[in-house]
Amino acid sequence: MDGLIYKTLDYKEKSKLVYLYTKEGLDSFLASRAKDYKKGLLGISEITYIRYEARGSNLKYLSEFEILNSFSNIKNSLSLLAMAEIILELARQSNDERYERIFNFTLNSLLELEKNESSYQCFFSYLVKMLKVFGILDLEFKGFSNSLRVKAVKAYSNELTSDDLIIKDDILEVLNYYEREDIVYFKNIKKVMRFI
C-alpha cells in the first residue's frame, strides 16, 4: 500500500509509531527498531511517500517498505516544509470518504511543491479546492477580498496561470478564512503558518 507519512512518534528506545494518509484513509503502524542504524529504517520520517506492508490486527507492525519520495527539497526549505505540513494536516482532518481522490490530489500537490516552482500557486490552489471537501460550497468566495476572490475562482477551476501572482498575504487570508469559519482544528496549522 502507498502512504504519505504525516507524523511519527518515538516509541520506546528504538521504535517509532508511524501515521499515514493512504488511498483508503488513515493508517498507522509500529516500525520496530526504526532508529537503529544497523536496521536501516532511518528513512521513515514525516513528509515521506512510501510503499509499505504492515501486518497485525490491533497494532500493525511494519514488515516491508520502500521510500518512493523523501521530498528532500521540501525538507530543506522552512517555507515549503510549512506548506507541506499544512497540506498533510488538511488531508488528515478531512472527513470526506473519497480517500483515493484526496490522496492523489495531496500527493500531486506535494510533488509540485517539491519542484519548488510556483509553490505559492500550488499551495493556494490546494487550500481553495479543499474548502469544498470541508463542506464550503460557496464558490463565489464571499468571505474573501475582491482580488483574492478572482484568484480563488481561477484556482478552483484550474485556470491560474503564471501571470496570476499569488503572494503570501493571499495564502494567509485563505488560512485565516479556514480559522474564522472554524473549518478545521487550527492549533496544529497555526504553529507553522509563520514560516510560510
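In this predicted model, Phe71 is found in the loop that lies between strand β5 (61-69) and helix α1 (72-75). The phi angle of Phe71 is near 50 degrees, which is a positive value in a residue other than glycine. Most residues other than glycine have a negative phi. With a relative accessible area of 0%, Phe71 falls under the 20% limit and is therefore buried.

A positive phi in a residue other than glycine is also found at Lys12, where the value is near 55 degrees. Lys12, too, belongs to a loop, in this case the one between β1 and β2 (15-22). The surroundings of the two residues may be set side by side: Phe71 is buried, whereas Lys12, at 68% relative accessibility, counts as exposed because this value is over 50%.

The interior of the model contains a largest nonpolar core of 49 residues, among which Ile86, Leu90, Phe124 and Tyr178 touch the most other members. Two or more residues are given to this core by each of the elements β1 (2-11), α2 (78-93), α3 (99-115), α4 (119-133), α5 (146-156), α6 (168-180) and α7 (187-193). Separate from it is a second core of 9 residues, which includes Ile44, Ile50, Tyr52 and Leu62. In soluble globular proteins, nonpolar side chains tend to be buried together.

Several of the helices that contribute to the largest core also pack against one another, and helix α4 may be considered here with two partners. With α6, helix α4 packs at an angle of about 20 degrees, the axes being 10 Å apart. Because this angle is under 35 degrees, α4 is roughly parallel to α6. The crossing in which α4 passes α6 is left-handed. On the α4 side the contact is formed by Tyr120, Phe123, Phe124, Leu127, Met130 and Leu131, which meet Lys168, Asp170, Ile171, Val174, Leu175, Tyr177 and Tyr178 of α6. By residue class, this contact of α4 with α6 consists of 11 nonpolar and 2 charged residues, with no polar ones. Phe124 in α4 and Tyr178 in α6, both of which take part in this contact, are also among the residues that touch the most other members of the largest core.

The arrangement of α4 with α5 is described by axes that come within 9 Å and cross at roughly 80 degrees. Since this angle lies in the range of 65 to 115 degrees, α4 is roughly perpendicular to α5. In this contact α4 contributes Phe124, Ser125, Val128, Lys129 and Lys132, and α5 contributes Leu148, Lys151, Ala152, Ala155 and Tyr156. The residues of the contact of α4 with α5 comprise 6 nonpolar, 1 polar and 3 charged. Phe124 therefore appears in the contact with α6 as well as in that with α5, in addition to being a member of the largest core. Tyr156, on the α5 side, has a relative accessible area of 23% and is thus partly exposed. The C-alpha atom of Tyr156 is separated by 9.5 Å from that of Leu127, a residue 29 places away along the chain.

Helices α2 and α3 form a further packed pair, with an angle of about 180 degrees and axes 10 Å apart. An angle over 145 degrees is taken as roughly antiparallel, and α2 and α3 are therefore so described. From α2, the residues Leu80, Met83, Ala84, Ile87, Leu88 and Ala91 meet Ile102, Thr106, Ser109, Leu110 and Leu113 of α3. Of the residues in this contact of α2 with α3, 9 are nonpolar and 2 are polar, while none is charged.

Two acidic residues complete the description. Glu24 lies in the loop between β2 and β3 (25-31) and, at 58% relative accessibility, counts as exposed. When residues up to four places away in sequence are not counted, Glu24 touches Met1 and Tyr99. The C-alpha atoms of Glu24 and Arg98 are separated by 8.4 Å, although these residues are 74 residues apart along the chain. Asp10, which is found in strand β1, likewise counts as exposed, at 56% relative accessibility. The C-alpha atoms of Asp10 and Asn158, which are 148 residues apart along the chain, are separated by 40 Å.

Key
Residues numbered from 1 in each chain as written. Predicted model: local features only at pLDDT ≥ 70, side-chain atom pairs only at ≥ 80, totals over all residues. Heavy atoms only, no water. Core = buried A, V, L, I, M, F, W, Y, C linked by side-chain atoms within 4.5 Å. Buried < 20%, exposed > 50% of the residue type's maximum accessible area, 1.4 Å probe, protein only. Helix = DSSP H or I, 4+ residues; strand = E, 2+ residues; numbered from the N terminus. Axes fitted to C-alpha atoms, helices over the stretch in contact; angles between N-to-C directions. Left-handed = near helix turned anticlockwise from the far one by under 90°. Contact = heavy atoms within 4.5 Å. Nonpolar A, V, L, I, M, F, W, Y, C, P; charged D, E, K, R; others polar.
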